[in-house]
Amino acid sequence: SIYEFERTTSVTGPGNPFSYDYAYYAINLNSEQNAAHLYLYNTKFAEKMPAMNMIFKNIPVTFNSTGYQLNCESLIPCLNNSGATPMEDYPITNLSGSVTNGKLDLQFDCSINASGSSVEGITYHVTTSASNLPKFP
C-alpha cells in the first residue's frame, strides 16, 4: 500500500530554524515484512540545500489499532534515482514516526559527514507533520 502526505518540514541545526512547505512524502508499506520505504520528494533540510528526492528503505513498522509506527535507529538514505544511489555521507539516525487517522508525524536526525562540505560535522534535527493527500480518481 502507498500512502501520500504533504507539507511542513521544520529543521533545527546551526543558525536559524528552517521551515519548508514544498516537500511531500510517500510511504510504501509491506505488511508481510513489517517494513516500509519512506519516499521524500522535493525535500530540503537547509536554506542552501538543493531540493532532493530520497528514499529511506526498510524501516521497521509496528501496526496498532489506529495506524502504525515507524522506528529505526540508523539508516543510509538513497537518492531516488534510477540506481537508488546510497548517500553514505548523510546518515539518518533516531527516526521515529507515526501515522494515525491520516496524519504523519515524523522526526529524525541527519548528520553531514561529507568531507569539504561547509556544514561537515553538523547534525540537523528534522520534524514533519503532514496530512494525507486526497486520492484522485
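This report describes the nonpolar cores, the largest pocket and two individual residues of a predicted model.

Residues are numbered from 1 along each chain as its sequence is written, and side-chain values use heavy atoms, with hydrogens and water left out. Because the model is predicted, local features need pLDDT of at least 70 and side-chain atom pairs count only at pLDDT 80 or more, while totals for chains, interfaces and linings use all residues.

**Nonpolar cores**

A nonpolar core is a set of buried Ala, Val, Leu, Ile, Met, Phe, Trp, Tyr and Cys residues joined through side-chain atoms within 4.5 Å. Buried means under 20% relative accessible area, exposed over 50%, and partly exposed in between (1.4 Å probe, protein chains only). The largest such core comprises 34 residues, and I27, F56, L95 and F108 have the most contacts inside it. Strands are DSSP runs (E, at least two residues) numbered from the N terminus; those giving two or more residues to this core include β3 (18–20), β4 (24–30), β5 (35–43) and β11 (123–132). The most is given by β6, with five residues. With contact defined as heavy atoms within 4.5 Å, and residues up to four places away in sequence not counted, F56 touches A36, H37, L38, L40, L75, P77, I92, L95 and F108. Another core, of five residues, lies apart from the largest one; among them are A26, Y39, I55 and C78.

**Largest pocket**

On a 1 Å grid over the protein atoms alone, a pocket is an open set of points where a 1.4 Å probe fits, with protein on both sides within 12 Å along at least five of seven lines; lining residues have an atom within 4 Å of a point. The largest pocket has a volume (the space filled by probe spheres set on the points) of about 510 Å³. It is lined by 23 residues, of which A46, K48, M49, V119 and Y124 are the closest to its centre. Strands β2 (9–12) and β6 each supply at least two lining residues.

**Two individual residues**

| Residue | Place | Relative accessibility |
|---|---|---|
| T128 | strand β11 | 5%, buried |
| E120 | loop between β10 and β11 | 43%, partly exposed |

The side chain of T128 makes a polar contact (a pair of N or O atoms within 3.5 Å, one able to donate a hydrogen and the other to accept it, with residues adjacent in sequence counted only if both atoms are side-chain atoms) with the side chain of Y25, at 3.1 Å. E120 lies 9.4 Å from D89, C-alpha to C-alpha, although 31 residues separate E120 and D89 in sequence.

Notes. Helix = DSSP H or I, 4+ residues; strand = E, 2+ residues; numbered from the N terminus.
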